[in-house]
Amino acid sequence: MSCEQPGLIPLESAREALLELCIPTRETWVCPLADALGRVLAEPIRSQIDVPPADNSAMDGYALRTSDLEDAAPTRLPLSQRIAAGAQTRPLAPGTAARIFTGAEIPPGADAVVMQEQVTEDGDAVVLPEGIRPGQNIRPRGQDISREQEVIAAGRRLDPVALGVLASIGITEVCVYRPLRVAVLSTGDELVEPGQPLAPGQIYNSNRYLLQALIREQGMELVEIGSVADTREATEAALQRASDEADVILTTGGVSVGEEDHVRAAIEQLGQLRLWRINIKPGKPFAAGEINGVPLFGLPGNPGGALITFALLALPCLKKLQGAEVPAAFSVPAKSGFSRTKAITRDEYLRVYCDSEGVIHPYANQSSGMLSALLHSNGLALIPGGRVVAEGTLLDFYPLSSLLR
Ligand code: AMP
Ligand code: MG
């Protein structure tokens with residue numbers, strides 16, 4: 001039997017309530033395209049040109065007028081010009097064909113290209129097969145992007161594809177939001193940094209590296225606050241400093257119910273606690289609030305819970321604060337390759353591997369303290385609270401690659 005846990009907030013309502021409170025940054029700057037990876041567009045981009053700018057050949061082959069072709073037999077046409085990619089073209093003389101290469105502009109008058117493998121060369125002429133259709137192997141002007149088209153909307157985080165597309169329309173600089181400054185602080189007297197010896201009772205601070213990397217991957221700026229001792233004074237001092245220096249604060253640990261947990265009380269002292277304790281496993285002790293108007297997300301200390309609450313709750317808010325679009329969490333139905341006969345009341349996010357057949361295999365140990373379980377997982381699978389799972393049941397599978405994107 002599982003026990004009811006009153007006061008736990010459903011994940012969806014928590015996310016909605018927190019997103020509601022997030023006010024996107026307005027500060028923008030103009031940045032060269034080459035430096036724009038990971039930045040969020042502050043203005044939509046319209047194309048000033050057609051891409052491609054002219055009809056061009058999709059093949060190495062021969063350009064021709066289909067009106068010059070025999071009806072039901074091969075046609076011999078003399079060659080009148082040779083057009084390489086990048087060369088200027090001139091009108092195709094009637095009754096002739098042009099040697100043409102991939103990407104070269106179609107000469108005015110030509111309306112089809114035949115690939116060279118289908119053509120027989122015959123001195124200064126070519127013999128073309130029957131059955132050539134108008135438009136064949138021609139990439140029309142504006143096929144990819146047309147002039148005046150909105151190519152990318154504001155709020156889009158610029159990834160390699162977006163940078164390539166912007167280059168294809170000749171953009172040299174973009175107006176983006178200034179990256180958020182995110183303070184990361186880890187609470188816990190037991191924490192030491194890698195490089196230091198471990199004394200009895202101590203563990204290495206893994207959350208700090210985890211969160212730093214997650215923030216960097218978002219293209220945001222880190223404000224290093226470091227580790228904070230488990231005292232009310234140290235916690236308040238660190239949070240005060242973080243709220244002075246950053247646009248948003250991420251903490252780990254110290255949000256549970258023990259008397260060594262000071263983050264929640266410190267938030268209440270310095271600012272406002274907005275919500276605390278979510279109906280999920282792992283990640284229950286998540287807290288959120290604000291200090292001097294600076295939003296704060298208090299992630300649990302257990303690294304598994306820290307990553308899951310970061311992905312499901314903090315990251316959507318960080319995106320909104322950064323001015324980026326916030327897509328709904330992406331999931332696909334996948335078959336459970338296991339059974340679960342005992343239900344729990346909380347929604348459980350299992351760390352799982354979904355194989356190429358679409359079957360979900362949970363990592364053997366689901367302890368929230370284990371970070372390495374995520375090394376062997378490619379996503380999370382949701383078992384809704386109160387449900388048992390028979391083998392073959394469809395569960396929502398959330399790929400980590402989309403969750404952390
Ligand atoms: P807490 O939420 O502070 O009660 O911590 C819960 C568990 O997470 C404890 O076992 C902590 O030792 C562990 N923990 C807290 N912070 C970190 C951290 N930064 N890196 C690794 N483990 C941590
Ligand atoms: Mg602690």
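What distance separates the centres of domain 1 and domain 4, taken over C-alpha atoms? In this predicted model, the two centres lie 25 Å apart. Residues are numbered from 1 along each chain as its sequence is written, with chains lettered from A and ligands numbered from 1 in the order in which they are written. Because the model is predicted, local features need pLDDT of at least 70 and side-chain atom pairs count only at pLDDT 80 or more, whereas totals for chains, interfaces and linings use all residues, and side-chain values rest on heavy atoms, with hydrogens and water left out.

The protein chain is divided into domain 1 (11-27 + 178-322), domain 2 (30-51 + 143-177), domain 3 (56-139) and domain 4 (332-403), the bounds being taken from an automatic or database domain assignment. Between domain 1 and domain 4, 18 residues of the former are in contact with 15 residues of the latter, contact meaning heavy atoms within 4.5 Å. About 1,500 Å² is buried between these two domains, and carbon and sulfur atoms give 65% of that area; buried area is the accessible area (1.4 Å probe) that two parts lose on being put together, summed over both. On the side of domain 1, the residues that lose the most area to domain 4 are Asn 279, Lys 281 and Ile 308, which together account for 35% of what that side buries.

Lys 281 is also joined to Pro 282 by a cis peptide bond, with omega at about -5°, and Pro 282 lies in the loop between β19 (280-281) and β20 (287-291); strands (E, at least two residues) and helices (H or I, at least four) are DSSP runs numbered from the N terminus. A cis peptide bond with omega of about -5° likewise joins Val 51 and Pro 52, and Pro 52 is placed in the loop between β2 (45-46) and β3 (56-57). Asn 137, in the loop between β9 (125-128) and β10 (138-139), has a positive phi of about 60° although it is not a glycine. Most residues other than glycine have a negative phi, and most peptide bonds are trans.

Ligand 1 is surrounded by 16 residues, of which Glu 190, Asn 205, Gly 254, Gly 301 and Asn 302 are the closest, a residue being near when one of its heavy atoms lies within 4 Å. By class, this shell has four nonpolar, ten polar and two charged residues, where Ala, Val, Leu, Ile, Met, Phe, Trp, Tyr, Cys and Pro count as nonpolar, Asp, Glu, Lys and Arg as charged, and the others, Gly among them, as polar. At least two residues of the shell come from each of β13 (181-187), β15 (203-204) and α3 (206-217). An N or O atom in the side chain of Glu 190 is 2.5 Å from an oxygen atom of ligand 1, and a backbone N or O atom of Gly 301 lies 3.1 Å from an oxygen atom of the ligand; polar contacts are pairs of N or O atoms within 3.5 Å.

Definitions and conventions:
A polar contact is a pair of N or O atoms within 3.5 Å; within protein, one must be able to donate a hydrogen and the other to accept it, and residues adjacent in sequence count only if both atoms are side-chain atoms.
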